[in-house]
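User: I am new to this structure and would like a close look at a single part, the disulfide, with enough of the surroundings to place it. Please take me through it slowly.

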Amino acid sequence: MARVLSTAFCVALLAATAGAFALTQGAKVELSPILDTSIPVKVFSPACNCQTATAPISFHLRHKEHIQVWMERDGKRAETLVAGKTFPRGRVALQFDGISDAGLTLPDGGYQPVVRLPHRTFTLPNTITIDTKPPVVQVRHRIYTHISPDGDGHRDSFTIHYTVKNEPAHGILIVDGHQVEFTHDKVRAGKLTWNGKLDDHLARPGNHVLEISAQDAAGNRAKPFPFAVVTIRYVALGRTRIVAKPGSRFAVLVLADAPKLELLFHGGHRSVSPGTLHLRAPSKPGVYRLYVSAAGHAAKADVVVG
């Protein structure tokens, strides 16, 4: 009799164990009603007025559900995205704009999306950060220099090194109100270069004001400020009108970055170097034209002999 009872007890124990195992396995294979969450923007600025002024949030519902969705910070609701709505099975696409239910911009910091279904609540493990502080860019000020973007390899461009004090950021160079460079990488220290072009065309000879800015990952831009005046100069003469006596010698200063220039004066043609040129006036009174050229650019002066 004892043996029969022992056998029956073992059978019951095995049955209970099998039932518990089946229940556990069933719980393991229970599928989540929310899947395939996508949050491509991890940091954004509601104040930037740019592409990253909002943060997209999307997820897939396995079944038709009535849901609520909100953003939470430190366990407190900060912004309601869905007050209560029934969505069909499929993808739900929402936008976190960083504006509270009271209409105020939320403080900087990290926020997490929360999805409430009728019987379950999910806090998604995706932190979205609000950052409204622009980067602080630093650069050497009051630069006065010149370039000659003629492709001869001599001072064809202007380069400036900069640093960003508070965070990695894209460097931005602005010339005469035109953005001419936006660096590909976000760095704490980098360099910007101007090749003398505006809108893919060579800028006019003369003075050009350069400003610098920076943009962080959230889209915040530092307020641009001027730091340099760059003169585009190919060939320039110290005087554009020269008065000389017949047969006398005179001098004229030639400014250029090319090592060799072409001089044309009173039927003569020769190669010269930048600097002060010493020439002789024609013996016959009159007005003569002096040309100095390099890389397809020329400067001229009238030589008045009398």
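Analyst: What follows starts with the disulfide and then moves outward to other parts of the chain.

The model is a predicted one, and a search through the whole of it finds one disulfide. That disulfide joins C48 to C50, with the two sulfur atoms 2.0 Å apart. In general terms, a disulfide is a covalent bond between the sulfur atoms of two cysteines. The torsion about the S-S bond of C48 and C50 is about -85°, and therefore this disulfide is left-handed. How does each of the two cysteines sit with respect to the surface, buried or exposed or in between? C48 is buried, because its relative accessible area is 15% and the cut-off for buried is under 20%. C50, by contrast, has a relative accessibility of 30%, so this cysteine counts as partly exposed.

Before going further, it helps to ask how much confidence the predictor has in the model. The average pLDDT of the protein is 91, and 91% of the residues score at least 70. Residues 1-5, however, have a pLDDT below 50, and this stretch makes zero contacts in the model beyond near neighbours in sequence. Residues 7-27 likewise stay under 50 in pLDDT, and for them the model has zero contacts beyond four places in sequence. Where pLDDT is low, the predicted coordinates should not be read in detail.

Turning to other places along the chain, V41 is found in the loop between β1 (34-38) and β2 (43-44). With a relative accessible area of 17%, V41 is buried, and once its neighbours within four places in sequence are left aside, V41 is in contact with T54, A55, P56 and I128. For one of these partners, T54, the separation is also given: V41 and T54 are 13 residues apart along the chain, and their C-alpha atoms are separated by 8.3 Å.

Two strand residues come next. R73 belongs to strand β4, which covers residues 65-73, and with a relative accessible area of 28% R73 is partly exposed. Leaving aside neighbours within four places in sequence, R73 is in contact with a run of residues, namely P107, D108, G109, G110 and Y111. R73 and P168 are 95 residues apart in sequence, and from C-alpha to C-alpha the distance between them is 25 Å. A83 lies in strand β5, residues 76-87, and is exposed, its relative accessible area being 65%. Between A83 and A228, which are 145 residues apart in sequence, the C-alpha to C-alpha distance is 53 Å.

The backbone deserves a look as well. Most residues other than glycine have a negative phi. R142 has a positive phi of about 55° although it is not a glycine, and this residue lies in the loop between β10 (137-139) and β11 (143-147). R142 is exposed, with 74% relative accessible area. D176, also not a glycine, has a positive phi of about 50° and is found in the loop between β13 (170-175) and β14 (178-182). The relative accessible area of D176 is 31%, and D176 is partly exposed.

A further loop, between β20 (235-237) and β21 (241-244), holds T240. T240 counts as exposed, at 55% relative accessibility, and, not counting residues up to four places away in sequence, T240 touches K300, A301 and D302. T240 and P107 are 133 residues apart along the chain, with 62 Å between their C-alpha atoms; P107 has already appeared among the contacts of R73.

Last comes the enclosed space inside the model. How many cavities of 30 Å³ or more are there? The count comes to one, and about 40 Å³ of space lies in the largest cavity. Its lining is made up of S148, D150, Y234, V235, A256, D257, A258, L261 and A294, which divide into six nonpolar, one polar and two charged residues.

To return to the part you asked about, the disulfide joins C48 to C50, and it pairs a buried C48 with a partly exposed C50.

Technical notes: Residues are numbered from 1 along each chain as its sequence is written. This is a predicted model: local features need pLDDT of at least 70, side-chain atom pairs count only at pLDDT 80 or more; totals for chains, interfaces and linings use all residues. Side-chain values use heavy atoms; hydrogens and water are left out. A disulfide is a pair of cysteine sulfur atoms within 2.5 Å. Buried means under 20% relative accessible area, exposed over 50%, partly exposed in between (1.4 Å probe, protein chains only). pLDDT is the predictor's confidence in each residue, from 0 to 100. Contact means heavy atoms within 4.5 Å. Helices (H or I, at least four residues) and strands (E, at least two) are DSSP runs, numbered from the N terminus. On a 1 Å grid over the protein atoms alone, a cavity is a set of points where a 1.4 Å probe fits but cannot get out, and a pocket is an open set with protein on both sides within 12 Å along at least five of seven lines; lining residues have an atom within 4 Å of a point. Grid points are joined across faces, edges and corners, and a volume is the space filled by probe spheres set on the points. Ala, Val, Leu, Ile, Met, Phe, Trp, Tyr, Cys and Pro count as nonpolar, Asp, Glu, Lys and Arg as charged, and the others, Gly among them, as polar.
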